[in-house]
Amino acid sequence: MATPLVAGNWKMNPPTVAEAVALAQALREPLSAAEGVERVVCPPFVALTAVADALAGSPIALGAQNVHPEPKGAFTGEVAGAMLQGVCSHVIVGHSERRHGFGETDGFVSAKVLAVLGLGMTPVLCVGETLEERDAGEASAVVERQTAAGVAGVASDDLGRVVLAYEPVWAIGTGRAATPETAQEMLGGIRAHLGRLTDSATAAQVRLLYGGSVNAANAAELAALPDVDGALVGGASLDPDAFVAIAKAFAGRA
Ligand code: PEP
């Protein structure tokens, strides 16, 4: 079984670089001790290098929250993958806040996945349905469409380098996590769909994360699910005790 992975998406927090460094310093020792799980933190762009310095020499990896697919050019306000190389090992791609707040399309997300892989980093590809789509009975169709588009053009040899996070939009930041039954049903369905797109051995290599109101109290039951290989954590990743507890819940899964 693949090493589980727990990633913290700090979003647009904390408010200053100094506070981001302080958060990294608070995490450094206890999170380093949570062995058996790949640990990633994703601070805002401006804090990446300072947090990299604070975590240097630790087993905690760094991720970016976004990337532009083009290598350079007239893209005001954007950050190219090559600018992240050497600082980050992971890049979150297609987070629902980007898809729904900034109009990112499946095609744009797909181009980002390819750019990140091409630069030797790990894309954390996010998929997930809205509440309206779930209520309309479209949840599986939506995540299957997002999954297929997100990995379109990825060579099957490279698919195992993709991390896929199922994050139902209705569970993000709401305190209303998916039930274990729903998380397993959706992630099991995504794995089966990846198997149809490639083959089951390749699909088995893709690490599947659950995200959406993961906290210290619900992490263990999520970690026990067969198709949940880790978690993408928003709010609780800003609380060192909670994030370390989540990492420990997944650490025993390897
Ligand atoms: C996220 O933003 O990826 C997320 C899962 O947020 P939260 O844990 O706060 O729901």
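**View 1. Gly 173 reaches the ligand through its backbone.** In this predicted model, a backbone N or O atom of Gly 173 sits 2.6 Å from an oxygen atom of the ligand. On its own the ligand would expose 290 Å², and the protein buries 95% of that. Gly 173 is also listed among the closest residues to the ligand.

**View 2. Ser 213 and His 95 also contact ligand oxygen.** For Ser 213 it's again a backbone N or O atom, this time 2.8 Å from an oxygen atom of the ligand. His 95 uses its side chain instead: a polar atom there lies 2.9 Å from an oxygen atom of the ligand.

**View 3. Zooming out to the shell around the ligand.** Count the surrounding residues and you get 14, with Lys 11, Glu 167, Gly 173, Ser 213 and Gly 234 the closest. Sorted by class, that shell holds eight polar, four nonpolar and two charged residues. As for the space the ligand takes up, it's the second largest pocket.

**View 4. Arg 98 parks its charge over Phe 102.** Here the charged end of Arg 98 sits over the ring of Phe 102, at 4.1 Å from the ring centre. If you're hunting for ring-ring pairs too, a search of the whole structure turns up one aromatic pair.

Methods. Residues numbered from 1 in each chain as written. Predicted model: local features only at pLDDT ≥ 70, side-chain atom pairs only at ≥ 80, totals over all residues. Heavy atoms only, no water. Near = heavy atom within 4 Å. Polar contact = N/O pair within 3.5 Å; in protein donor to acceptor, adjacent residues only side chain to side chain. Areas by Shrake-Rupley, 256 points an atom, 1.4 Å probe, with all protein chains shown as cover. 1 Å grid on protein atoms, 1.4 Å probe; cavity = no way out; pocket = protein on both sides within 12 Å on 5 of 7 lines; lining within 4 Å. Sits in = over half its atoms within 2 Å of the grid points. Nonpolar A, V, L, I, M, F, W, Y, C, P; charged D, E, K, R; others polar. Phe/Tyr/Trp six-rings, centres within 6.5 Å; stacked < 30°, edge-to-face > 60°. Lys NZ or Arg CZ within 6 Å of the ring centre and 35° of its normal.
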